[in-house]
Amino acid sequence: MDELRYQIDLLKAMNQQLSGRDKMYRLVCDMSNNAFLYVVFEKNDVITLGNWDNFFSFRIKENRELSFIFDELEEKYILPVREAVFLEKSGKEREKVVCHLKEGQTTRPFRLSWLEFEVKVNYDEQGVPIDKIICIRDITKVKAQNDELRYMAYNDALTGLYNRNYFVMQLGELIRKAEEEHRIVSVMFIDIDDFRKINDGMGLLVGDEVVQQYGQFLGSFSGDKVIVCHMTSDIYCMAIYDPCGDRSVEHIHKCIQERINQGFLLSNGMEIRLTVSIGVAEYPESSKQAIELINCAEIVMFKAKAAGKASIQYFDAGILHDFLQTVEIENKLKEAIFNKNFCLYFQPQYYTNTKRLRGVEALIRWKDENNKMISPAVFIPIAEKNGAIISIGSWVMEESIRHYAEWKRKYGYPLIMSINISAIQYKRKDFVGKLLEIIQRYEVEPSEIELEITESILIEDFEEVKDKLLTLRDYGVKISLDDFGTGFSSLSYLNGLPIDTLKIDKSFVDRVITDESTKIITESIVSMVSKLGYETVAEGVETQDQFDYMQQIGCNIIQGYLLGRPVPAEEIEQMLIELL
Ligand code: C2E
Ligand code: CA
Ligand code: CA
């Protein structure tokens with residue numbers, strides 16, 4: 001009997017302990033802000049714990065009623081949540097899923113939108129599920145904060161468009177997809193023309209507003225297959241997956257053009273008109289890497305700028321080759337200037353009628369470290385772009401005049417030394433002073449020096465150019481207009497300019513025998529120019545026919561392979577010795 005009483009007391013004590021634990025668990029659950037469902041499989045009943053009422057307006061009493069939850073969810077989350085809630089079916093122990101609730105559920109006590117379900121199943125030794133606990137958390141706030149952080153990390157504050165980093169990531173994704181599906185991805189690199197003028201002329205705030213408005217406009221193309229980003233400053237990029245139809249580059253370009261033509265109305269009431277230069281590169285043709293693809297599009301954007309802005313250019317292998325060559329030459333050029341790896345060749349010019357040597361044109365030559373000759377036609381334009389032409393040009397002036405002074409002293413034959421001057425050199429304030437100083441130092445006559453300038457000099461700041469030319473003329477330095485006929489060639493420009501010589505470009509000389517209209521133009525140029533009192537030089541004369549023809553129409557001077565190629569200084573010296 002005592003034994004039985006003992007057993008009963010023990011059971012009572014255990015029961016009390018149990019309900020005490022039960023109370024404790026309930027308390028913990030209540031304080032946690034989460035909702036819990038406790039399911040005991042054997043009994044098939046479900047206990048609701050924690051803040052259930054803050055989450056849902058219905059109750060769940062048995063296992064199958066768990067599906068009530070699914071009615072609350074946005075469609076695409078139903079399946080993953082169902083799999084988690086009935087985790088025992090997969091034999092897994094633990095699972096976590098995030099889901100979004102359906103919009104417009106008004107029965108909920110406060111605004112919930114994102115939930116996290118965490119499910120834990122306990123199994124017995126045979127692997128049979130005993131019970132499970134489902135914890136439901138409100139992660140709406142965390143998600144919003146994450147979204148905000150994500151937005152800040154991936155978007156640009158000024159335009160709201162994606163930033164460069166995110167664009168590169170997304171472009172990488174598109175490329176992967178295109179690789180699988182054998183599709184194309186186009187990248188458009190878009191740069192507002194003359195943006196600096198807007199910033200400098202109207203202030204940074206106006207500049208910002210332009211960037212913002214234009215960004216918003218470009219953002220309107222965003223969609224499933226189009227990603228738009230603000231790279232930096234006034235530069236945007238677009239990636240277009242499988243470009244065709246209204247997502248084709250041509251179509252987007254047309255829309256951009258139409259929008260730009262309407263102008264942008266700024267908050268200060270001002271209307272601003274823009275143009276943009278666009279470079280386009282395509283996966284897989286241009287590159288298979290996101291960053292390289294953007295670089296390719298950028299390279300061709302610069303080409304669009306160089307081709308007069310407001311245009312679109314498409315990438316091809318030739319452009320990449322040119323670009324890489326330019327970069328290589330630029331790098332080598334720096335060394336060459338440092339090591340003075342240049343030398344001068346001189347090409348003779350002869351009077352047409354007497355065949356007397358009139359003078360020589362100094363032409364720069366560059367042998368790179370492998371003794372490979374790089375043509376000035378290739379490296380001079382690069383040196384002009386990166387400013388290296390200033391030191392190269394100074395060297396040419398000094399070196400050519402030094403040579404001439406030496407020949408004059410040794411052989412006394414009066415010549416004209418023609419020196420090519422690039423527009424950038426000419427624009428420098430100290431140009432005239434420097435030249436006159438060299439002329440004085442080597443004790444040659446200013447009238448023995450001829451500067452070959454191109455028409456491009458005349459386009460910019462005409463008055464300043466004219467003043468400089470007049471100063472040079474006062475000292476007696478000769479001026480020759482090089483490559484005549486290739487530029488804008490308005491003879492009216494020449495009016496009032498102190499020019500002595502006009503060099504008719506080789507392209508005319510090339511066609512003068514075969515092409516009737518070239519013949520007419522060349523004849524009228526020579527006739528008009530001689531009436532104005534200039535001398536005319538025919539450049540690039542290679543054949544006797546060309547020589548005869550130029551002579552017949554009254555061209556004074558001939559330069560070309562027919563009479564003499566550009567040669568090193570020693571060969572000119574040899575010629576002068578023979579003339580003694
Ligand atoms: P450019 O001033 O028009 O020089 C004439 C170019 O035509 C030279 O090429 C010359 O070698 C070439 N030439 C002359 N006669 C003939 C001919 O009968 N047939 C053919 N096919 N070519 C002929 P080069 O020396 O390669 O120079 C190319 C250009 O590089 C020059 O054109 C000039 O614009 C520039 N350049 C050369 N030296 C200098 C320099 O010292 N300073 C500057 N700024 N530019 C230079
Ligand atoms: Ca020349
Ligand atoms: Ca020329």
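Is E464 buried, partly exposed or exposed? In this predicted model, E464 is partly exposed, because its relative accessible area is 37%, a value that falls between the limits of 20% for buried and 50% for exposed residues. E464 is placed in helix 16, which spans residues 462-475, and together with D461, E463 and D467 it forms a negative surface patch. A patch of another kind, nonpolar and of about 320 Å², is made by M24, Y25 and V28, of which Y25 is found in helix 1 (residues 2-31).

Acidic side chains also supply donors to the calcium sites. For the calcium ion (ligand 2), the protein donors are E361 (OE), N420 (OD1), E452 (OE) and D482 (OD), which lie 2.1 to 2.3 Å from the ion, and the spacing of these donor residues in sequence is E-x58-N-x31-E-x29-D. Distant parts of the chain are linked by the pair E361 and E452, since E361 belongs to strand 14 (residues 357-367) and E452 to strand 17 (residues 449-453), with their positions 91 residues apart in the numbering. Both E361 and E452 are buried.

For the calcium ion (ligand 3), the protein donors are D482 (OD), D483 (OD) and E539, the last of these being listed with two OE entries, at distances of 2.1 to 2.5 Å. The donor residues of the calcium ion (ligand 3) follow the spacing D-D-x55-E in sequence. The two ions, ligand 3 and ligand 2, are 3.9 Å apart, and D482 coordinates both. D482 counts as buried because its relative accessibility is 7%, whereas D483, at 25% relative accessibility, counts as partly exposed.

Salt bridges within the model come to a count of 32. One of them joins D191 and K305, whose closest N and O atoms are 3.0 Å apart. Because D191 lies in strand 6 (residues 185-192) and K305 in helix 9 (residues 290-306), this pair ties together parts that are 114 residues apart in sequence. D191 counts as buried, as its relative accessibility is 8%.

Other salt bridges are formed within a single helix. The side chains of E406 and K410 meet at 3.3 Å, N to O, and because these residues are four apart in helix 12 (residues 389-411), they are separated by about one helical turn. E406 is partly exposed, with a relative accessible area of 22%, and K410, at 43% relative accessibility, likewise counts as partly exposed. E406 and K410 also take part in a network of salt bridges that links them with E399, R402 and E573. In helix 14 (residues 431-441), E437 and R441 are again four residues apart, about one turn of the helix, and their side chains meet in a salt bridge of 2.6 Å, N to O. E437 counts as partly exposed at 36% relative accessibility, and R441 is partly exposed with a relative accessible area of 42%.

A further position concerns the extent of the model. I553 lies in the loop between helix 20 (544-552) and strand 21 (557-558) and counts as buried because its relative accessibility is 15%. The C-alpha atoms of I553 and G104, residues that are 449 apart along the chain, are separated by 91 Å.

Technical notes
Residues are numbered from 1 along each chain as its sequence is written. Chains are lettered from A and ligands numbered from 1 in the order in which they are written. This is a predicted model: local features need pLDDT of at least 70, side-chain atom pairs count only at pLDDT 80 or more; totals for chains, interfaces and linings use all residues. Side-chain values use heavy atoms; hydrogens and water are left out. Donors are N, O and S atoms within 2.8 Å of the metal (3.2 Å for Na, K and Ca); water is not among the atoms, so sites may look incomplete. Helices (H or I, at least four residues) and strands (E, at least two) are DSSP runs, numbered from the N terminus. Buried means under 20% relative accessible area, exposed over 50%, partly exposed in between (1.4 Å probe, protein chains only). Patches are made of residues with over 30% relative accessible area and no salt bridge: like charges are joined within 9 Å, nonpolar side chains (Val, Leu, Ile, Met, Phe, Trp, Tyr) within 5 Å. Accessible areas come from the Shrake-Rupley method with a 1.4 Å probe; for residues, only the protein chains shown count as cover. A salt bridge is a side-chain nitrogen of Lys or Arg within 4 Å of a carboxyl oxygen of Asp or Glu. Lys and Arg count as positive and Asp and Glu as negative; His and the chain ends are not counted. The place of a charge is taken as NZ of Lys, CZ of Arg, CG of Asp or CD of Glu.
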